[in-house]
Amino acid sequence: MQKGRNSKATTKAPTRQMWRRSVIVLALLLLFCIGVTAKLSKIQIAQADYWREKAVDQQMSDSITSPKRGTIYDSKMTILAQSATVWTVIMSPNNIKKEEIRIKIADDLSKLLDVDREKLYQKTLKTKSQYEVVKAKIEYPLATELSEWIQKNKLESVFRIIEDYKRYYPLNNLASAVLGFTGTDNNGLYGLEAYYEKTLAGKPGRIVTAKNGWGDDLDIKLRFEKTIDAQDGNGLVLTIDSAVQYYAEKYLEIVVKETKCTNRGSVIIMDVNTGAVIAMATKGDFDPNEPMTITNPDTLAKIALLSGDEKSAALKKAREEQWVNKPISDYYDPGSVFKTFTAAMALEEGTASENSKYYCKGGLKINDRYIKCHKAGGHGSLTFPLALSNSCNPAFMEIGQKLGGSLFFKYFVGFGFTERTGIDMLSESRVTDLLYFSEDELNVLNLSIASFGQNFKVTPIQMITAMCAIANGGKLMKPYVVQQILDSDGNIISNTEPVVKRQVISESTSKRISKMLADSVNGGGAKNAYIPGYRMAGKTGTSDKTDQNVASNTKNVVASFAGFAPADNPKYAILVMIDEPQTEIRFGGTIAAPVAQKIMSEALPYLGIEPVYTEEEKAAMDRTTPNVTGKKVSVAQSMLANANLKYQVVGNGDTVLRQVPEKGEVIPKNGTVVLYTEEGKLSETTVVPNFIGKTMSQANIAAANARLNLQISGLGLHSSEAKADSQSIEPGKKVPPGTVIKVSFVYEDQIE
Amino acid sequence: MAANRGTEAYDLSLFEPRPAKVVNLKTNKKFQKKQQQRRAIQSFLNTLATICVAAFAVAVVGMMIASRIKMTELDGQINDLEKQITALQSEKIRLTDELSSKTSIKSVEEYAYNVLGMQKIESSQVKYIESENCDKAVVADKAKGSFFKAAGSAISNFFTQLAYLFE
């Protein structure tokens with residue numbers, strides 16, 4: 001055998017061809033090895049990061065955990081916005097194998113989750129999908145009910161309920177334009193939610209876990225998990241006081257409805273010494289819990305008539321309009337309110353004083369243009385304070401001209417009308433030189449018109465900030481709405497300190513102008529803002545929307561009032577602005593000043609400002625009816641006389657069986673208490689007359705004839721020209737004699 | 001035997017191999033028995049030790065497994081409880097939100113006016129009192145006494161405080 005093999009080897013030695021083939025095969029093998037090595041080098045070295053990432057992606061599951069968004073509080077720590085866990089229902093149609101299950105899901109869940117059945121059924125048909133959102137952000141009771149339904153029907157492989165966050169605004173519409181709202185991804189979209197997004201949002205956390213080849217979590221023994229906790233967002237404490245905000249919104253809403261105002265209204269209340277915004281209201285507004293819902297029924301009705309793209313565009317526009325925070329975003333011509341600043345400029349520069357005299361003959365001709373006063377026939381001879389109180393246009397044109405364009409512009413800049421206020425809120429409007437006359441443009445005509453507040457635009461926040469400077473001794477403050485930032489444990493991270501931007505006018509000018517504004521409320525053009533005991537100061541304004549009126553041939557105005565209280569030691573300033581009221585009488589003094597009066601009447605006592613009544617006010621004050629029921633008639637008569645009240649006895653008995661008004665009820669000074677002394681007379685009634693439109697003396701006569709008591713509200717001490725605009729008991733109703741009818745009076749004199 | 005080369009200094013025979021002596025030892029049966037017993041005991045003890053070590057090892061491994069199982073169970077319970085806490089916190093916030101909405105100043109005012117028929121207090125219902133001439137606090141001047149009086153007062157104070165401490 002060995003022999004044979006040897007002989008074969010000797011006879012069959014490798015031929016040349018065989019060598020050649022071998023070399024070729026080796027070369028090919030070498031090339032293959034080089035190729036493989038090159039590819040491996042590329043994967044392992046050049047593309048290492050890429051493939052490592054791919055591998056980690058394949059082997060590890062990395063999920064983001066959402067941080068809890070910070071809470072927003074008002075200045076008294078009432079919660080205005082907070083986040084809570086909710087749940088989103090995810091369906092995996094890929095795991096639904098039978099048609100009957102699809103039908104059951106569509107039938108049951110459409111009822112349980114209040115979703116469209118057909119849409120839900122269509123989702124169940126997406127058999128390649130593993131992720132279909134059935135309903136987002138459901139709350140605990142519904143999530144529990146759904147879990148039970150899933151377990152009962154053994155559909156754990158089809159549904160997942162994952163955690164999410166929802167933003168709650170417990171006070172609904174209150175301060176909605178200030179707060180703004182968040183989107184479905186919990187990011188702030190509007191208002192403070194957007195401006196303070198980084199502060200409120202927090203930092204998301206991560207959970208990294210190993211997963212198997214099917215993408216599921218590994219068996220518990222082999223499980224790897226690394227958690228980086230989410231960092232919850234910081235909270236905000238606002239300067240807004242929800243009670244004052246409510247007072248502002250309550251009365252603003254009423255006036256916006258009553259005047260059929262077409263471009264909304266706004267109110268700002270500010271601490272004059274710090275610039276802290278106590279209330280910032282806009283009506284109509286929206287509910288941040290449902291920001292997409294249009295709240296204005298007129299707008300909704302108009303949109304309902306549209307269809308297709310037109311409808312979508314109208315919806316989008318209506319939503320954006322209702323989200324706008326009017327006090328910081330809208331421009332308006334300030335009108336006569338601005339006369340306050342022209343007066344302050346003139347007093348500061350000494351170009352006018354309290355003794356300066358002017359003459360108004362109903363208008364003034366400047367170049368070839370005749371500019372009328374609001375009072376036809378003119379005011380006649382006026383002193384400087386009277387010119388301000390009566391809001392005389394020609395007098396102020398003269399004051400402006402005497403001051404000159406250069407000084408006017410210097411103070412115009414000083415009061416902050418050429419710049420943003422810098423309030424810590426989103427979308428404060430830009431202030432460009434297109435909105436006002438520059439120094440070079442202030443020729444005699446422009447200066448004269450600007451002196452009484454027309455032909456330039458400001459934002460309400462600019463106006464109230466400047467009014468605060470008038471009130472606080474001349475300091476222009478930087479307004480702000482966030483007082484503190486708190487961490488997630490409630491510790492204070494930062495506190496906002498008041499910032500004085502500059503001294504615009506002297507303290508003495510501030511006091512002089514404050515006194516004039518107080519006189520204006522106490523008996524001048526702003527008397528509808530009078531509050532007994534509180535010494536309000538302020539100025540009304542009614543400005544033409546000239547540019548818009550010319551373009552669209554309308555006669556729209558902005559009625560406004562800006563003032564502060566108490567006049568001798570100012571604490572809080574208020575601005576009321578009603579944009580485009582559609583009533584016949586639409587002067588600032590008639591529409592805006594009463595709103596300011598009502599708001600401040602409630603807000604000032606709440607804010608701890610005690611009333612200080614003058615002797616005159618005390619004398620005019622209403623009384624509380626003493627208890628005389630059960631007493632002898634003679635005793636009752638004596639008690640009522642001592643309380644400065646009149647009486648009328650009904651019946652011939654000697655004991656008082658019933659009294660109207662009853663004990664403790666408010667009755668005007670010298671009011672009449674009706675004393676019933678016989679059982680048979682107790683059901684006697686009288687008919688309530690219509691007091692609306694009557695002057696006070698006419699109303700008094702009507703009340704006396706009907707044997708009723710009249711309780712007057714909304715009047716200063718100078719009440720002869722005011723007329724009744726509302727009464728507490730409707731005309732024609734039968735009431736017992738002596739009943740107190742509350743009648744509200746307003747001045748309708750045509751002072752802008 | 002090595003050749004003698006005329007000197008006795010080297011007796012090399014001493015280094016030559018010699019046959020080993022065969023000693024016939026007497027077999028000690030008692031000793032052997034003892035040895036056997038000792039070996040048996042040793043063997044038994046070894047086996048016992050091995051069993052004990054094995055049992056201990058099994059016990060340790062068992063305990064470890066049991067503790068892992070317990071830990072996993074507890075982990076599961078913690079996760080469940082954490083989920084419950086989250087859910088209940090969420091429900092608390094939702095209910096607080098509902099409560100805040102129902103007890104807001106707006107709701108309270110509307111209820112007071114419309115349901116209870118209440119009215120806001122009028123300025124005339126507030127009675128103002130003059131505080132100029134009443135309720136003045138007068139702080140007595142420190143009496144200027146003798147040294148003995150001051151010492152007596154200090155001692156009295158000391159005992160008063162002592163009595164207060166032990167009260």
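**Exercise 1.** At what angle do helix 14 and helix 17 of chain A pack, and how far apart are their axes?

*Solution.* This is a predicted model, in which local features need pLDDT of at least 70, side-chain atom pairs count only at pLDDT 80 or more, and totals for chains, interfaces and linings use all residues. Residues are numbered from 1 along each chain as its sequence is written, and chains are lettered from A and ligands numbered from 1 in the order in which they are written.

Step 1. Locate the helices (DSSP runs of H or I, at least four residues, numbered from the N terminus, as are strands, runs of E of at least two): helix 14 spans residues 339-349 and helix 17 residues 405-414 of chain A.

Step 2. Axes are lines fitted to C-alpha atoms, for helices over the stretch in contact, and angles run from 0 to 180 degrees between N-to-C directions. The angle is about 115°, with the axes 10 Å apart.

**Exercise 2.** Which residues of helix 14 of chain A meet helix 17 of chain A?

*Solution.* Step 1. Contact requires C-beta atoms, placed from the backbone, within 7 Å.

Step 2. Phe341(A), Met345(A) and Glu349(A) meet Leu407(A), Phe408(A) and Tyr411(A) of helix 17.

**Exercise 3.** In what order do the 3 strands of the open sheet in chain A lie?

*Solution.* Step 1. Strands pair if DSSP finds at least two bridges between them. The order is 1-6-7, with antiparallel pairing.

Step 2. Strand 1 (60-65) and strand 7 (225-228) of chain A are the edges, each pairing on one side only.

Step 3. Strand 6 (residues 205-210) of chain A joins strand 7 of chain A over 4 bridges; Arg206(A) has Ile228(A) as its bridge partner.

Conventions:
Contact = placed C-beta atoms within 7 Å.
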